[in-house]
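Biologist: Before we discuss the fold, please put the sequence and the model on screen.

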Amino acid sequence: MQADRLILSATGDWAERAQLLRQIGARARLTKVPSRAQVVLLATDAEELPADTVASVREHTQAPILLLAAKGSPRLIEEAIRADVADVLLMPQEADAIVFAAEKALRSASVQDDRSERGRVITVFSPKGGTGKSVTASNMAAALNTRGLRTLLLDLDVQFGDAAIILGLEPERTLHDVVVAPGALDAEKLTAFATVHASGLHVLPAPLCPEDAELISGEKIGEVLATAEAAYDAVVVDTPPFFAEQVLAALDHTDELVLVLAPDVPTLKNARLALQTLELLSFPDERIRVVLNRTSPRIGFGASDVAHVLDRGVDFELPEDPVVPIGVNRGIPAVLHRPSSAYAAGIDELACRVVQGVPSPAPAPRSRRLPFARLAR
Ligand SMILES: Nc1ncnc2c1ncn2[C@@H]1O[C@H](COP(=O)(O)OP(=O)(O)O)[C@@H](O)[C@H]1O
Ligand SMILES: [Mg+2]
C-alpha cells in the first residue's frame, strides 16, 4: 500500500540525520520535492526559528511544517507559534513519534480545509417579536436558493415558528422528528427530513405543537447545525425573540448574525440589551449585521437615529413594502412573488453580502439630534 503512505520531505540539519531518515522512510514516503510532500519536516539546532528556511519552504508548498528542534528555547517555541509551523517536536525522537506527529499535523490541516468549505450559517435574530425576523430569514433563504446555493432554512422558533407557513408549506416532518430520530445524524438523513419547497429550498420547520419543542435541546441543535454546515452551502436560521438555549447553540455555529430591528423605541431598547448580551457571550462584533427593517420616510426616523441610540452604525436597511404582507398571506416569499420589488432587491443584496462575508460599508454619519432622549445614556 505504498501509495497510501504519508509523503514527507525533510530539510535542515539534525544529529544522525541519515539513520533517522532511513527509519522514517520505512514508515512513510520521503520525497526530495517539497511541493509533493504532505508534511514538511524542518530540523534545526538553533535557538531561534530558521525563518528563511520556513519562507523558502512556503515558496514551494502550503503543506504543514513540523519543526524538529534540538533546543526547546522559549524564543523558538514562541516564534514557531507565530510563524506558520503546525507543531514542534523536541529532538531526539523515535521515527515512529515523528511520523505520528506528521500524521496529526496533516489531519488537523485537513479539518481546517474542510471548515473553509463548510456552508455559511446566517442567524436572523431580534430581541423583539414582530420586527420581521421570519420574513427576513425566509426571503434571504429563498434568495440564496435562487442564486444556486444549496440552502436550508432552519426554524429555531421552536414553539411558535412560522417559517413553513410563510413559505406556504404543510410539512410532514419537522425539527422535532430530526431530534427524536434514532441513530447518529448525517447529511443524508438530515436532507431526507427537510421539506422541499417548490423553488428547491430545503426547510426544517419548527414542531407543529409547542409541547414538542421540549425535546429540542441546545445540544441537539449543535448536532443539527454541524451536520447542516457540511450538507448545505448556506443555512439560514430563524429564531424566537429571546436568547433561548437553541439560539445560544446556534450562535456557536453562526458566521453572520443578522440583527433585525424595527424603527420603534421598544425594539431599540431591547436591541441595546441584546448587543450587550452578545458582547458578554463573546460573540464577535464583526459578525453582527444590524439591519433596520421597515424603513419609510413616513415614519420620521431612520438609520442615523437608530445609530445614535445604539452607538453603532446600521449596516443595512430594508424598506417597508406592501409586497411583504401580501407574500406572507399568500404563502409566497416576496423575493419569489415580486422579484422586481424594492424589498426583494434589498433582501438579495443583503443575502449576497452575508453569505460572502462582505463587510458592510462604513455607516452613515450619526445624527446630532437626540431622537430618543429616554434611551440616551
Ligand atoms: N419590510 C417589511 N415591509 C412590510 N411589512 C413587513 C416588513 N417586514 C415585516 N413585515 C410584516 O411584519 C409581520 C411580522 O413579521 P415576522 O417576520 O413574522 O416577524 P418576527 O418573526 O420578527 O416576529 C409580517 O407578517 C409582515 O407582514
Ligand atoms: Mg418569527
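Biologist: Along strand β13 (residues 316–319), which side chains are buried?

Modeller: This is a predicted model, where local features need pLDDT of at least 70, side-chain atom pairs count only at pLDDT 80 or more, and totals for chains, interfaces and linings use all residues. Residues are numbered from 1 along each chain as written, with chains lettered from A and ligands numbered from 1 in written order. Strands (E, at least two residues) and helices (H or I, at least four) are DSSP runs numbered from the N terminus, and buried means 20 or more other C-beta atoms, placed from the backbone, within 10 Å of a residue's own. Side chains alternate along β13: Glu317 and Pro319 point to one face and are not buried, while the other face has the buried Phe316 and Leu318.

Biologist: Which residue of β13 is the bridge partner of Leu292?

Modeller: β12 and β13 run parallel, joined by three bridges. The chain passes between them through helix α12 (residues 303–310) in a right-handed β-α-β crossover, that is, clockwise from first strand over helix to second with the strands pointing away from the viewer. Leu292 has as its bridge partner Glu317.

Biologist: Which are the edge strands of the sheet?

Modeller: Eight strands form an open, mixed sheet, ordered β8-β9-β7-β10-β6-β11-β12-β13. Pairing takes at least two DSSP bridges between strands. Those that pair on one side only are β8 (195–196) and β13.

Biologist: How many charged residues are in the shell around ligand 1?

Modeller: The shell has 17 residues, with Gly132, Lys133, Ser134, Val324 and Pro325 the closest. Six are nonpolar and seven polar. Charged residues (Asp, Glu, Lys and Arg) number four.

Notes:
Near = placed C-beta within 6 Å. Buried ≥ 20, exposed ≤ 12 C-beta atoms within 10 Å, placed from the backbone.
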